[in-house]
Amino acid sequence: MECPITLTVDDEQHSVTVDTRTSLLDALRDHLDVTAPKKGCDRGQCGACTVLLDGRRVTSCLTLAVAHDGADVVTAQGLMDGGTLHPMQQAFLDQDGFQCGFCTPGQVCSAVGMLDELQSGQPSYVTEDLADRPACDEEEIRERMSGNLCRCAAYVNIVAAIRQAAGA
């Protein structure tokens with residue numbers, strides 16, 4: 001069964017008809033030619049497909065496109081402001097937080113979403129005092145980014161990039 005949906009992707013509104021079983025990732029890549037989110041595992045285990053959906057990070061391979069009719073989707077490409085890199089993107093460049101680059105768009109979107117979670121005071125598994133705002137320390141960052149895998153093992157630099165962006 002097919003269904004028409006409208007998505008705002010990186011500040012551009014798109015109307016598309018998709019099969020009701022189509023993931024948001026497949027709608028973005030196959031129907032809208034948005035290639036920033038990558039298809040890694042297609043099981044939500046690697047994080048390469050992470051996007052910001054209505055301001056929250058999600059693995060787009062695990063959510064159905066039709067469930068998000070009218071939603072706002074931001075990919076790593078949409079984080080830029082005109083020709084200016086988002087502070088997180090700049091931090092990834094400054095800290096060499098990537099090697100092959102395959103996971104980078106998902107890492108960047110997840111890191112932006114993670115910092116928003118920290119700013120709003122949302123605790124994670126490693127947050128010690130639930131009454132206090134979580135710290136932006138290495139342990140907290142590693143826990144919150146644990147759903148994003150990097151096969152090149154650039155983790156040390158990814159953490160450094162996130163810490164740089166958090167200070168910006």
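The following questions and answers concern helix packing, nonpolar cores and one loop residue in a predicted model.

Student: Which helix supplies the largest share of the largest nonpolar core?

Tutor: The largest nonpolar core has 24 residues, and Leu79, Met88, Met114, Leu115 and Ile162 have the most contacts inside it. Helix H2 (87-94), helix H3 (104-119) and H5 each supply at least two of its residues. The largest share, seven residues, comes from H3.

Student: Which residues does Leu115 touch, not counting residues up to four places away in sequence?

Tutor: Leu115 is among the residues with the most contacts inside the largest nonpolar core. With residues up to four places away in sequence left out, Leu115 touches Met88, Cys136, Ile162, Ala165 and Ala166.

Student: How many residues are in the other core that lies apart from it?

Tutor: This other core includes Ile5, Val16, Val18 and Leu53. Its residue count is 15.

Student: Are H2 and H3 roughly parallel or oblique to each other?

Tutor: The axes of H2 and H3 are 10 Å apart, at an angle of about 125°. Angles over 145 degrees count as roughly antiparallel, and 65 to 115 as roughly perpendicular. The angle of about 125° fits neither class, and H2 and H3 are therefore oblique.

Student: How many charged residues are in the contact of H2 with H3?

Tutor: Met88, Gln89 and Phe92 in H2 meet Thr104, Gln107, Val108, Ala111, Val112 and Leu115 in H3. By class, six residues of this contact are nonpolar and three are polar, while the charged ones number no residues.

Student: Is Arg151 buried or exposed?

Tutor: Arg151 lies in the loop between helix H4 (138-144) and helix H5 (155-167). The cut-off for exposed is over 50% relative accessible area. Because its relative accessibility is 71%, Arg151 counts as exposed.

Methods:
Residues are numbered from 1 along each chain as its sequence is written. This is a predicted model: local features need pLDDT of at least 70, side-chain atom pairs count only at pLDDT 80 or more; totals for chains, interfaces and linings use all residues. Side-chain values use heavy atoms; hydrogens and water are left out. Helices (H or I, at least four residues) and strands (E, at least two) are DSSP runs, numbered from the N terminus. Buried means under 20% relative accessible area, exposed over 50%, partly exposed in between (1.4 Å probe, protein chains only). A nonpolar core is a set of buried Ala, Val, Leu, Ile, Met, Phe, Trp, Tyr and Cys residues joined through side-chain atoms within 4.5 Å. Contact means heavy atoms within 4.5 Å. Axes are lines fitted to C-alpha atoms, for helices over the stretch in contact, and angles run from 0 to 180 degrees between N-to-C directions. Angles under 35 degrees count as roughly parallel, over 145 as roughly antiparallel, 65 to 115 as roughly perpendicular and the rest as oblique. Ala, Val, Leu, Ile, Met, Phe, Trp, Tyr, Cys and Pro count as nonpolar, Asp, Glu, Lys and Arg as charged, and the others, Gly among them, as polar.
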